[in-house]
Amino acid sequence: MTLTAQNLSIGDRLHDVSLAVEPGQITAICGPNGAGKSTLLEAFAGLLPPDDGAVNLGDSNLAALHPRERAQRIGYLPQAHEIAWDVPVRSLIELGRMPHGDARTEPVEAAIAALDLGPLENRRAQSLSGGETARVLLARVLAGEPAWILADEPLAALDIGHQLALLRHLRDAADQGAGVVLVLHDLAHAMNCADRVIVLSEGRLATDGQPESALDVLALQNVWKIDAHWIGVEGKRALIAR
Ligand SMILES: Nc1ncnc2c1ncn2[C@@H]1O[C@H](COP(=O)(O)OP(=O)(O)OP(=O)(O)O)[C@@H](O)[C@H]1O
């Protein structure tokens, strides 16, 4: 089912944004600070009511879905990584099953394995480092096996090994039919790992398409105001500032 924003406007933060993201793909949302990336992701999660327009999941307006049904279908990782309860890591990840009202262990085990959290599962959640906390909160999202995985800067606090492992896992999830939408500041990860890149600038859609075109030199100049170019081959590019 497609997740669609229709003429979405939210305060000064988003202006008349219309686009649809597809299941089975990794979509990256990029743009400078304050461009509206987190706002769009939060709206896609059904957590920020629009002033104008709507967000639809398939034919259903997200605002009309029961919160429990919405939580079953859409897993959302916000930008701020805070853990409110000092419970064991495993218990926190098990909370990902709450929307389903079951205690299935397989998805919890799979999430723990995907985020390499076996060695930490008995630790108290509030004793973790920033990157470990980010991995635990993402594991809680994955444990819910949502059809949509929406994550705001999921790579920001992770070391390179865990970044690549997570991206591989998200690719597997997309290959199995999940819709994956990631806010990414790292343009090289967006270029190399996304199927599609949406670039926002000042609350509006700037470019949208395959990474090679959405993040071309012109977009870097117009949106980020940088003089930079890509080197390497498709899928293994690096960004070099002039
Ligand atoms: N709760 C809020 N109320 C009013 N304005 C907000 C609120 N949250 C964010 N904003 C403003 O809306 C704009 C878009 O914010 P948003 O967090 O979506 O940007 P972003 O692209 O995710 O930025 P960043 O890269 O810095 O995380 C910014 O100008 C921000 O200051």
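**A helix, a sheet and a ligand shell**

Colleague: Which residue follows α4 and has a positive phi?
Modeller: This is a predicted model, in which local features need pLDDT of at least 70 and side-chain atom pairs count only at pLDDT 80 or more, while totals for chains, interfaces and linings use all residues. Residues are numbered from 1 along each chain as its sequence is written. Helices (H or I, at least four residues) and strands (E, at least two) are DSSP runs, numbered from the N terminus. With a phi near 60 degrees, the residue that follows α4 is Asp116.

Colleague: Why are the buried residues of α4 on the same side?
Modeller: Buried means that 20 or more other C-beta atoms, placed from the backbone, lie within 10 Å of a residue's own; exposed means 12 or fewer, and partly exposed is in between. In α4 (residues 105-114), the buried ones are Val108, Ala111, Ile112 and Ala114. They share a side because the arc, taken from the directions from the helix axis to the C-beta atoms, is only 165 degrees.

Colleague: What do these buried residues pack against?
Modeller: Turned away from them is a face with the exposed residues Thr105, Glu106 and Ala113. Contact asks for C-beta atoms, placed from the backbone, within 7 Å. The partners of the buried residues are α3 (89-94), α5 and α6 (160-175).

Colleague: Which strands stand at the edges of the open sheet of six strands?
Modeller: Two strands pair if DSSP finds at least two bridges between them. The order here is β6-β7-β8-β3-β9-β10, with mixed pairing. Each edge strand has a single partner, so one of its sides has no neighbour in the sheet, and these strands are β6 (74-77) and β10 (204-209).

Colleague: Do β3 and β8 run parallel or antiparallel, and which residue of β8 stands opposite Ile29?
Modeller: Four bridges join β3 (residues 26-30) to β8 (residues 179-183), and the two run parallel. Opposite Ile29 in β8 is Val183.

Colleague: How many bridges pair β1 with β2?
Modeller: β1 (residues 3-10) and β2 (residues 14-21) are antiparallel. Thr4 faces Ala20 in β2, and in the hairpin, with three residues between the strands, Gly11 has a positive phi near 45 degrees. The number of bridges is five.

Colleague: How many residues around the ligand are charged?
Modeller: Near means a C-beta atom, placed from the backbone, within 6 Å, and the shell includes Gly11, Arg13, Lys37 and Thr39. Asp, Glu, Lys and Arg count as charged, Ala, Val, Leu, Ile, Met, Phe, Trp, Tyr, Cys and Pro as nonpolar, and the others, Gly among them, as polar. Besides one nonpolar and seven polar residues, the charged ones number two.

How values were computed. Contact = placed C-beta atoms within 7 Å.
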